[in-house]
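User: I'm new to this one and would like to learn how to read it. Could you walk me through it, one feature after another?

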Amino acid sequence: MKASLSWLKVYVDNDIHAQELADALTMVGLEVDGVIDRYAFLATVRVARVLEVKPHPNADKLTVCRVSIGTREVQVVCGAPNVKPDLVAPLALPGTVLPNGLELSCNKIRGEVSEGMLCSAAELALGDQAQNLMALDPALPIGEPLNQAMQLADPVFEIDLTPNRPDCLSIVGIAREIAAIRETELRIPDQSIEEQGERRIEALTSITIDAPSHCPRYTARLLTDVKIGPSPFWLQDKLISVGLRPINNIVDVTNFVMMETGQPLHAFDFDLLAENRIVVRTAQQGEKFTTLDGKERVLDPEMLMICDGAKPVAIGGVMGGANSEINTGTTRVLIESAYFDPVSIRKTAKKLSLGTDASHRFERGVDPDGTLKALDRAAQLMQQVSGGKIAPGAIDAHPQKITPPSIHLSITQTNRLLGTDFTQDRMAALLQSIDFKVNKNTLDELQVQPPSFRVDVTRPEDLMEEIARLSGYNNIPTTFPMIPSHGGGIELAKQVPFKALLKDLMTGLGFSEAITYSFIHKGTVDRLALPADDPRRGTLTILNPLSEDQAVMRTSLLPGLLEATQRNQAQKNMDVKLFELGKVFIVKADEELPTEIETLAGIWSGARHVDTWLNQKADCDFYDTKGSVETLIETLKINDVRFTQLPKDQCLYFKPGHAAQIMRDDTCIGLVGQIRADVIDAFQIKQNVFFYELELAGLHAQLPANLQFRTLPRFPAASRDVTLIIDQGLETQTVLNGIGKYKEALVESWSLFDVFEGEPIPSGKKSISFRIVYRSAEKTLEDEQVNDIHKRITDRLIREFDAALPA
């Protein structure tokens with residue numbers, strides 16, 4: 001919706017800057033997308049003085065003028081009859097875009113260079129004089145831009161209206177909002193008319209409504225002795241200011257009143273109506289009709305037609321027909337002003353792919369009580385601009401009355417929902433400022449009747465919205481919901497920094513963050529080969545899914561990451577390292593809502609590292625993925641974490657023997673392992689995939705409460721290696737954990753550096769080698785002392801795990 005400030009000022013006083021007004025309109029719900037000065041093009045039109053006029057050597061009706069624009073003189077070819085020396089006139093320089101869309105350039109006219117164009121008032125849309133140059137006040141400074149010299153500025157507001165505000169699809173509607181903002185009066189245009197003639201309209205025509213559900217109200221007036229011609233400048237200027245093209249005085253009035261009041265109108269050539277009457281009915285199946293744009297339309301029985309005594313003459317609420325349009329020979333005009341059913345108009349416009357300014361308003365809902373007012377306004381203006389006579393009386397066919405609702409508004413409830421403390425009087429004043437009728441029922445209740453043009457207000461919540469926007473959304477105090485800071489998961493104040501830390505660590509480990517949909521295909525749990533009793537089969541179904549692929553809430557992050565891997569590899573990106581931090585949704589039988597579990601998951605497939613001349617190409621494996629998780633946990637300063645083999649019956653989508661539980665004490669905080677071949681086949685992945693998942697709440701719970709500084713060691717360390725032969729089925733981690741259980745004070749650390757199976761190791765056995773580091777904080781250790789401790793640890797390991805030393 002476009003509205004020029006000059007037109008708005010006809011109905012409401014305004015003394016604030018256009019941008020400030022735009023901000024105020026936005027804050028009451030009328031979002032202003034932009035403010036454009038429609039006279040901005042005059043910045044390249046200068047006040048110029050004609051110095052010399054000579055005949056054009058190659059054209060009888062043209063002259064060559066020497067023109068001063070202050071700083072320099074230019075040559076201009078001109079054809080205006082009133083050009084003469086000392087005339088001060090507007091000169092449009094090259095680059096100027098005139099209102100008719102013409103962009104000027106420096107060119108030759110009949111062989112003579114013309115560095116611009118001396119303009120008439122009509123060419124600059126500043127008047128209707130087109131033959132002569134626009135004579136300016138000689139006192140204006142030569143060379144100054146015309147918009148500055150004449151103080152011309154008319155900001156045009158581009159307003160993005162929501163569908164529930166059809167009342168603001170009019171200049172008066174927007175002016176009403178400004179009047180409420182500025183707390184001033186709204187000036188409604190005069191609608192008084194002077195009826196002439198002896199025969200009343202009822203004796204000249206009739207209106208028959210055969211489809212009252214589609215057309216609850218239809219009003220009409222008749223003008224005679226009309227003279228068709230161009231509109232006066234003021235009328236054309238108003239239409240141009242909002243982007244409409246003037247056509248003729250009668251049609252321009254219908255467009256003017258539509259923009260002014262929001263009520264679409266239509267003007268028929270009365271003498272082209274068969275039997276001089278109107279019949280409102282629905283179309284017949286397959287009926288054809290040619291609209292004003294010259295296109296033939298095929299109709300159906302749901303479409304409303306405006307007909308005369310023999311044929312259709314308009315598609316109701318959408319567009320008129322070529323068989324009854326106003327033309328230069330029109331002398332009698334029938335004006336239509338009606339209220340049509342919004343749903344009917346919407347369906348018709350969509351089916352015919354025919355959106356018009358009229359249908360845009362009708363399908364949102366016009367003022368059912370404003371039809372007669374708009375009709376009188378149009379008749380008044382048509383009489384003024386065409387010299388016509390208004391036949392006495394108006395026809396008002398009104399088979400279905402529309403009564404505005406009466407709404408009870410609770411003061412307490414309004415303040416509770418808005419978070420405000422408005423008094424009853426304040427609420428009443430706000431509503432009355434936009435023409436709502438308000439009565440006080442009790443100290444805590446208002447009885448409100450919205451005006452007929454506010455078809456969107458039907459319930460108390462609508463009134464609350466009006467109070468909120470009129471008081472200013474930015475004036476409503478900010479409040480926060482009363483919720484506990486700790487809800488069973490990570491404390492809210494700690495969630496954000498902890499998640500940010502995890503993301504930084506994961507990217508530092510070479511993983512890229514993925515964000516996948518929380519919705520998955522219902523059959524995804526089958527592709528994961530989950531058993532029937534697995535809780536992750538209890539998916540929550542979406543009531544209105546976007547597609548079958550997003551029909552249920554996810555119960556694991558694995559499907560989304562597998563699909564991301566497949567998409568990457570389908571594009572020949574075979575090396576994938578992704579992580580995701582998101583929620584999974586587990587439905588429990590005794591709970592209405594799902595349990596939301598924050599999870600960190602990662603996936604690795606393809607190369608171990610970037611293939612360069614420094615590195616030999618190698619695929620990643622279980623230990624690479626496990627190492628990433630270990631590094632993450634160590635960086636979080638979580639100690640005493642161990643990885644134990646995941647039992648075979650728990651390897652749901654993991655390959656048995658290639659998966660581990662991540663344990664701290666007796667708490668499992670995550671899983672890591674290789675995805676089974678049948679699962680990656682189900683996701684159409686052609687190479688090994690390794691996956692890990694950690695529950696955020698469990699991981700966060702293991703963070704140390706505080707960190708203690710330890711001084712750097714002053715004395716050197718001593719290390720010893722040991723190799724043991726143990727059973728093949730014994731977890732190496734169990735042996736390493738044994739070293740920690742012995743509580744040797746001088747043992748600083750220990751780590752595995754080799755595992756070997758095969759000859760000469762006996763069948764069913766494996767060789768493990770690890771290094772133990774010894775250090776004292778008080779002195780340098782002697783070899784004999786280190787050897788004694790090392791032998792004692794080795795002997796205990798041999799006894800406890802039935803191990804042997806290599807031969």
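Analyst: Happy to. Let's begin with pairing: two strands count as a pair if DSSP finds at least two bridges between them. Keep in mind that this is a predicted model. Now the case here: strand 1 and strand 10 run antiparallel and are joined by 3 bridges. One place to look is A3, whose bridge partner in strand 10 is F157.

User: How many bridges join strand 2 to strand 10?

Analyst: There are 6, and those two strands run antiparallel. For a landmark, find I36, which stands opposite V156 in strand 10.

User: What is the strand order in the open sheet of 7 strands?

Analyst: Read across, the order is 26-29-30-34-33-32-31, and the pairing is mixed. An edge strand pairs on one side only, and here those are strand 26 (512-513) and strand 31 (641-645). Inside that order, strand 33 (residues 667-675) and strand 34 (residues 690-695) pair in the antiparallel sense over 5 bridges. To find your way there, pick Q674: its bridge partner in strand 34 is F690.

User: Which strands does helix 17 lie across?

Analyst: Helix 17 (residues 622-635) lies across strands 30, 31, 32, 33 and 34. Its direction makes an angle of about 25 degrees with strand 34.

User: Now a helix on its own. How far apart are the end C-alpha atoms of helix 16?

Analyst: The general idea is to compare the span you'd expect with the one you find. At 1.5 Å a residue, the 13 residues of helix 16 (residues 558-570) should span 18 Å, and the end C-alpha atoms are indeed 18 Å apart, so the two agree. Just after helix 16 comes K572, with a positive phi near 70 degrees.

User: Which residues of helix 16 are buried?

Analyst: Here's the general idea: an α-helix has 3.6 residues a turn, so residues three or four places apart point the same way. In helix 16, the buried residues include L558, L561, L562, T565 and Q569. What they and the other buried residues of helix 16 pack against is a mix: helix 15, strand 29, strand 30, strand 33, helix 18 and strand 34.

User: Can we try the same reading on helix 6? Which of its residues are buried?

Analyst: In helix 6 (residues 233-241), they are L235, D237, K238, L239 and S241. They pack against strand 1, helix 1, strand 10, helix 7 and helix 10. After helix 6 comes G243, whose phi is positive, near 90 degrees.

User: Let's zoom in on a single residue. Is T516 buried or exposed?

Analyst: The cut-off to know is that buried means under 20% relative accessible area. T516 has 16%, so it counts as buried. You'll find T516 in the loop between strand 26 and strand 27. Its side chain makes polar contacts with two other side chains: that of R554 at 3.1 Å, and that of E580 at 2.8 Å. Leaving out residues up to four places away in sequence, T516 touches R554, G560 and E580.

User: And where is Y473?

Analyst: Y473 is in the loop between helix 13 and helix 14. Its relative accessibility is 36%, so Y473 is partly exposed. Again leaving out residues up to four places away in sequence, Y473 touches M27, V28, G29, E465 and A468. Sequence distance and spatial distance are separate readings: Y473 and W750 are 277 residues apart along the chain, and their C-alpha atoms are separated by 64 Å.

User: Last topic, the aromatic rings. How many aromatic pairs are there in the whole structure?

Analyst: A search of the whole structure finds 9. To read one, check the distance between ring centres and the angle between planes; over 60 degrees counts as edge-to-face. The rings of F511 and W604 have centres 5.8 Å apart and planes at 80 degrees, so this pair is edge-to-face. F511 lies in the loop between helix 14 and strand 26, and W604 in strand 30, so the pair ties together parts 93 residues apart in sequence. Both F511 and W604 are buried.

User: What about Y653 and F691, how far apart are their ring centres?

Analyst: They are 6.4 Å apart, with the planes at 75 degrees, so this pair is edge-to-face. Y653 is buried, and so is F691. Rings can also link up into a cluster, as W7, W234 and F256 do.

Conventions: Residues numbered from 1 in each chain as written. Heavy atoms only, no water. Helix = DSSP H or I, 4+ residues; strand = E, 2+ residues; numbered from the N terminus. Contact = heavy atoms within 4.5 Å. Axes fitted to C-alpha atoms, helices over the stretch in contact; angles between N-to-C directions. Expected span 1.5 Å × (residues − 1). Buried < 20%, exposed > 50% of the residue type's maximum accessible area, 1.4 Å probe, protein only. Polar contact = N/O pair within 3.5 Å; in protein donor to acceptor, adjacent residues only side chain to side chain. Phe/Tyr/Trp six-rings, centres within 6.5 Å; stacked < 30°, edge-to-face > 60°.
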